[in-house]
Structures are given as C-alpha cells and as structure tokens.
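Please read the following report alongside the sequence and the three-dimensional structure. The account begins with the ligand and then turns to sheets, helices and backbone details.

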Amino acid sequence: MDIIFHATGGQDQPWLDVLAKEMPQAKIRVWREGDSAHADYAIVWKPPAAMLQGRTGLKAIFNLGAGVDAILQLGDALPQGVPVVRLDDAGMGIQMAEYVSHAVLRYFRRLDSYDILRSQKQWRFLKPFDKSEFSVGILGMGVLGGRVLEALQHFGFPLHGWSRTQKQMAGVTCHSGADGLDAFLQASRVLVCMLPLTDDTIGILNKHSLSRLPRGAYLINVARGAHLVEADLLALLQQEHIAGATLDVFSEEPLPPKHPFWHESRISITPHISALTLRDDSARQIAEKIQAMQQGQQISGVVDRTKGY
Ligand code: NDP
C-alpha cells in the first residue's frame, strides 16, 4: 500500500515515524513537487493543489485536523469522488473541554478581574455572578462541541447548544437552524464558537449576532478566525455590550503585532492552541480507518463536500 504525506511546519520525520509504527506494511513517502506516482491514500494538512490534482485513484484523503476548510478551498483541484476524511476527536475533544472550561470559569469566577486588581496590589471583593443567570451557549454540537457541553455540565451552568439539525442532549437546551439562532443568542451569557468554517458560517460572529447576546456577554472563539468580524467585536467592547473575549483563532495568523486586539486588555489571546493535533492518537485513528477501508467497511468522519464539513 502506497501513502503520500504532506504537512506544514517541517515536522515530516516525527509523523513518518508514528505512521510507520501504526502501518508497518505501508510505503509512506513525503510528497514532493512533480511526484505523480501511484498512491492509495493521502495524509495531509494544508496540501498544495498539485499534490492532489487529478489523483482520482486515491481511496481516501485523510486530513490531519477536524476542520476541513483549508482542504476544501482547493475546489476543483480536489479529485471528485475521493472521500475526504477529517479527524474524529483524536484527543482534541478533551483539549477543547479543558480550554473552554478554563475560559468560562475564569470569567465566571471573575479571575480575570482579580488578576487586574492583583497587578494594582488591590485586595478587593467583587460581587460573584449568579450561576442561574450565567448560561453558556455553544455554537456547533458536533464531535468537539458535544464534548465541551458534556464537560460544562459538571459545573452546573445552564447550557444551550445550536446546530444545523435538531439535537437532543440531556441537560442542554437545543436550538437549530437559522430560525433557532436568535433565541439561542438571547439565552447565551457566554457564547462559544465551535462551528466548522463554511459558506454558511463565515462571519457569523458579527455586529448583528453579537448584539443579540445579553449585555455583558462574553465571547470565546476556538473555531476559525474568519467566523468573527473582528472590527464588530471591538465596537461592541467599546460600547460595553460585550464584556470580554477569549480568542484562540484570528483572521490573520500569527496575529500581526499592530493588531488592535493586542491593546485590548479584555481580550485574552492564545496562538491557535486550544486543541492540537496529537501525532500518536491521529496516526492510530487513521491507521484503523485505512484498515477498515481495506476490509470494505464504512468509516466515520467522511466529509460531506456539499455541506462543507
Ligand atoms: P463537527 O463536524 O463534528 O461538528 C460541527 C457542528 O457544527 C455540528 O453540530 C453541525 O451541525 C454544526 N454546524 C455546521 N454548520 C452549521 C450551520 N450552518 N448552522 C448550524 N450549525 C452548524 O466538527 P468538530 O466538532 O469536530 O469541529 C468543529 C470545528 O472546530 C472544526 O471545523 C474546526 O474549524 C474547529 N477546530 C479548531 C481547533 C483549534 O485548535 N482552534 C482544533 C480543532 C477543530 P449538525 O450536527 O446538525 O451537522
């Protein structure tokens, strides 16, 4: 079995090592410009168009991430009829649960404000927020959003979720579709974006939607930078409609040194680390899926290109 590989970040060898360990029978090579030799599978992160163009003989293209926006952007260069397979959790769910729980609790327990008071050497009591009025709303109830909702249930926050198709989840008020968005937003004191980036969701965190949140709401974006209209967030912070934000993703990454977010103390910034692709877990999952495909079985995580996720 022949596998071509491409990832960004110059980490080829560690990947080749774990993939070889999981699939000792496979011949895995790093794809180089001009390589059009046979391959059964491709394993990629942000591949160049030339790697995949015309490769209709591939049995599947495995994406080294949960989000497939970068690969679907290849458009016609992506061979028709070849399944694109995203990572299903592969250790990212728990990382998202840790990151989002931390951000929610930091705001709810007012630890961000206590950090500021501490920097001013002030020993001062702040009125706690009332948990019953502190609803957390998760945009996207998929593999990762579902895991985060599960984690937040342990803290007793009223929870809301929004998805494309209607869901049922114990302890969560579920909303769906464009018609359900307004009620969801009005109910969310903390809004967490965990959506895939698609034609329908690009720019979804904008002046209109964020204004529907209750005054003093908090935003957490761990999905993609292009979900947020950044100038709209700054305007709503200025008007104190939004109290603060934790952002892991940005329209331009790395966030440019002159970006106004760096100067806004109410915005916590991390460099796209909320859920990292874990090499061992991902290689194991891909190897298991390849084995299942070789035996003619169905696999999970196949992307619906018409939906964009
Ligand atoms: P899933 O595909 O499992 O879940 C996506 C969820 O979003 C589903 O519940 C889906 O609804 C919902 N959704 C999609 N489109 C719409 C829409 N138009 N309206 C309403 N709901 C919609 O994805 P994952 O949970 O695995 O991942 C989510 C995203 O997280 C990824 O696409 C990626 O961009 C981001 N991510 C970020 C990382 C980081 O480090 N910052 C790391 C990993 C992922 P339905 O269930 O009805 O289909």
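By class, the shell around the ligand consists of 15 nonpolar, eleven polar and four charged residues. Here Ala, Val, Leu, Ile, Met, Phe, Trp, Tyr, Cys and Pro count as nonpolar, Asp, Glu, Lys and Arg as charged, and the others, Gly among them, as polar. The model is a predicted one, in which local features need pLDDT of at least 70 and side-chain atom pairs count only at pLDDT 80 or more, whereas totals for chains, interfaces and linings use all residues. Residues are numbered from 1 along each chain as its sequence is written.

There are 30 residues around the ligand, and Gly 67, Gly 140, Gly 142, Leu 144 and Pro 196 come nearest. A residue is near a molecule or strand if its C-beta atom, placed from the backbone, lies within 6 Å of it. Two elements, helix H6 (143–153) and strand S7 (159–163), give two or more residues to this shell. The largest contribution to the shell is that of H6, with three residues. Such helices (H or I, at least four residues) and strands (E, at least two) are DSSP runs, numbered from the N terminus.

**The two sheets**

An open sheet of seven strands has the order S8-S7-S6-S9-S10-S11-S12, and its pairing is parallel. Two strands pair if DSSP finds at least two bridges between them. Strand S8 (172–176) and strand S12 (267–269) stand at the edges with a single partner strand each, so one side of each has no neighbour in the sheet. On average, neighbouring strands of this sheet are turned by 15 degrees against each other, direction ignored.

An open sheet of five strands follows the order S2-S1-S3-S4-S5, again with parallel pairing. Its edges are strand S2 (27–30) and strand S5 (84–85), each with a single partner strand, so one side of each is left without a neighbour in the sheet. Helix H1 packs on this sheet and touches strand S1 (2–6), S2 and S3; the direction of H1 makes about 170 degrees with that of S2. Two residues are in contact if their C-beta atoms, placed from the backbone, lie within 7 Å. Axes are lines fitted to C-alpha atoms, for helices over the stretch in contact, and angles run from 0 to 180 degrees between N-to-C directions.

The table lists one strand pair from each sheet.

| Strand pair | Bridges | Residues opposite each other |
|---|---|---|
| S6 (residues 136–139) and S9 (residues 190–193) | four | Gly 137 and Leu 191 |
| S3 (residues 41–44) and S4 (residues 60–63) | four | Ile 43 and Phe 62 |

**Helix packing**

Helix H1 (residues 12–22) packs against helix H10 (residues 279–294) at an angle of about 45 degrees, with their axes 9 Å apart. This angle makes H1 oblique to H10. Angles under 35 degrees count as roughly parallel, over 145 as roughly antiparallel, 65 to 115 as roughly perpendicular and the rest as oblique. The two helices, H1 and H10, cross in a right-handed manner. A crossing is left-handed if the near helix is turned anticlockwise from the far one by less than a right angle, and right-handed if clockwise. The residues in contact include Trp 15 and Leu 19 of H1 and Ala 283 and Ala 287 of H10. By class, this contact of H1 with H10 has six nonpolar, no polar and four charged residues.

Helix H4 (residues 92–108) packs with H6 at an angle of about 50 degrees, their axes being 8 Å apart. H4 and H6 are therefore oblique to each other, and their crossing is right-handed. Among the residues that make the contact are Met 96 and Val 100 of H4 and Leu 144 and Val 148 of H6. By class, the contact of H4 with H6 has ten nonpolar, two polar and one charged residues.

**Backbone details**

Most residues other than glycine have a negative phi, and most peptide bonds are trans. Asp 89, which is not a glycine, has a positive phi of about 65 degrees; Asp 89 lies in the loop between S5 and H4. Glu 253 and Pro 254 are joined by a cis peptide bond, with omega about -5 degrees. Pro 254 is placed in the loop between strand S11 (242–247) and S12.
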